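This report describes selected features of a protein model, proceeding from individual loop residues to sheets and helix packing. The structure is shown first.

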Amino acid sequence: MINFNGNIALEENILTQNRAFLYGDGVFETVKVINNKILFLEDHYFRLMASMRVVRMEIPMNFTMEYFEEQILNLLKEKNISTSARARITVFRKDGGLYLPKSNEVSFLIHAVALENTLYALNTAEYEVDLYKDFYVTKQLLSSIKTTNKMINVTGSIFADENGLANCILLNDAKNVVEALQGNLFMLAGKKLITPPVSEGCLNGIMRKQILALAKKVEGIEISEEIISPFDLQKADELFLTNVITGIQPITKYRKKEFTSNLAHLLVQKLNESISEN
């Protein structure tokens with residue numbers, strides 16, 4: 001028997017033993033699908049496998065990239081949303097145990113929703129951000145993978161909403177800039193495009209990787225992965241965020257400083273060209 005919302009009921013709620021729910025014992029990937037094709041499939045698959053290894057999950061023999069792809073696309077087909085969709089696969093250790101699991105075998109859950117746009121489009125509306133300083137990201141390997149423990153992102157999102165902000169920028173325990181609540185951060189200073197290195201605690205983002213590769217092909221732009229301080233942000237010419245669902249999101253205002261979005265426009269164009277070519 002369990003007490004669920006004040007009612008005594010039979011212990012049939014699947015969450016009573018679910019380790020992702022009880023302990024955050026899960027990892028996940030969120031993918032964008034366009035015309036029945038998972039964008040950056042290989043990158044997502046290998047990051048998921050790497051994440052499972054980091055947290056010592058047992059990878060099933062049938063969990064190949066083709067299986068990963070098939071399971072996602074089958075769901076989208078059933079829901080008739082294969083033209084443009086967002087899908088999330090969450091992998092979690094099977095029920096049993098307390099902090100020490102009874103098994104390292106896994107289960108997975110996939111859910112998906114339709115998206116309006118197929119290719120990426122730049123949102124040019126006002127997008128103000130500020131620092132979130134209630135909690136900090138630690139500089140460790142766990143910070144670079146997508147686990148189901150996202151409490152700092154949840155509390156930061158509440159803070160942003162309460163303060164009329166579109167997003168917040170997270171700091172690590174050295175008080176350096178890491179990323180935003182929903183994406184990696186890029187800063188253009190002059191002709192230098194900078195993003196924090198993964199060693200600072202930021203997510204090893206899939207879109208981050210794509211943008212680094214595309215920006216290297218832009219004439220006159222120097223690419224660098226280096227530490228960014230909060231003070232550096234106010235000296236920037238351009239700031240933008242990246243993730244696989246949105247693509248690129250320009251930041252229009254940080255504190256009292258307003259920013260341009262010229263490079264972001266160019267990179268979105270190149271991103272869509274690269275997708276169309278593939």
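## Two residues of one loop

Asn-149 is exposed, because its relative accessible area of 52% lies over the 50% cut-off. The model in which this value was computed is a predicted one. Asn-149 belongs to the loop that joins strand 7 (128-137) to helix 4 (151-162). Its C-alpha atom is separated by 25 Å from that of Leu-39, a residue 110 places away along the chain.

Ser-144 is located in the loop between strand 7 and helix 4 as well. Is Ser-144 buried or exposed? With a relative accessible area of 7%, Ser-144 is buried, because the limit for that class is under 20%. When neighbours within four places in sequence are left aside, the contacts of Ser-144 are Val-198, Cys-202, Leu-203 and Asn-204.

## The sheet containing strand 7

Strand 7, which precedes this loop, is part of an open sheet of 5 strands. The strand order is 9-8-7-15-16, and the pairing is mixed. The edges are occupied by strand 9 (177-180) and strand 16 (257-258). Each of these two has a single partner strand, so one side of each lacks a neighbour in the sheet.

Within this sheet, strand 7 pairs with strand 8 (residues 167-172) in the parallel sense, over 5 bridges. Tyr-132 has Leu-170 of strand 8 as its bridge partner. Helix 4, at the other end of the loop, lies across strand 7 and strand 8 and runs at about 140° to strand 7.

## The sheet containing strand 13

A further open sheet, again described by 5 strands and mixed pairing, has the order 12-11-10-13-14. Which strands stand at its edges? They are strand 12 (222-225) and strand 14 (247-251); each has a single partner strand, so one side of each is left without a neighbour in the sheet. On average, neighbouring strands here are turned by 25° against each other, direction ignored.

Strand 13 (residues 238-243) pairs with strand 14 in the antiparallel sense, and 5 bridges connect the two. In this pairing, Leu-239 is bridged to Ile-251 of strand 14.

Two helices are placed against this sheet. Helix 5 lies across strand 10 (184-189), strand 11 (192-195), strand 12, strand 13 and strand 14, at about 130° to strand 13. Helix 7 (residues 262-277) packs on the sheet through strand 10, strand 11, strand 13 and strand 14, and its direction makes about 30° with that of strand 13.

## Helix 5 and its contact with helix 2

Helix 5 (residues 206-215) is mostly covered, with 8 of its 10 residues buried. The buried set consists of Ile-206, Met-207, Arg-208, Gln-210, Ile-211, Leu-212, Leu-214 and Ala-215.

Besides lying across the strands named above, helix 5 meets helix 2 (residues 41-54): their axes come within 10 Å and cross at roughly 135°. Helix 2 is therefore oblique to helix 5. The crossing of the two helices is right-handed. Helix 2 contributes Asp-43, His-44 and Arg-47 to the contact, and helix 5 contributes Ile-206, Lys-209 and Gln-210. Classified by type, the residues of this contact are 1 nonpolar, 2 polar and 3 charged. Ile-206 and Gln-210, which take part in the contact, are also among the buried residues of helix 5.

Notes:
Residues are numbered from 1 along each chain as its sequence is written. This is a predicted model: local features need pLDDT of at least 70, side-chain atom pairs count only at pLDDT 80 or more; totals for chains, interfaces and linings use all residues. Side-chain values use heavy atoms; hydrogens and water are left out. Buried means under 20% relative accessible area, exposed over 50%, partly exposed in between (1.4 Å probe, protein chains only). Helices (H or I, at least four residues) and strands (E, at least two) are DSSP runs, numbered from the N terminus. Axes are lines fitted to C-alpha atoms, for helices over the stretch in contact, and angles run from 0 to 180 degrees between N-to-C directions. Angles under 35 degrees count as roughly parallel, over 145 as roughly antiparallel, 65 to 115 as roughly perpendicular and the rest as oblique. A crossing is left-handed if the near helix is turned anticlockwise from the far one by less than a right angle, and right-handed if clockwise. Contact means heavy atoms within 4.5 Å. Ala, Val, Leu, Ile, Met, Phe, Trp, Tyr, Cys and Pro count as nonpolar, Asp, Glu, Lys and Arg as charged, and the others, Gly among them, as polar. Two strands pair if DSSP finds at least two bridges between them.
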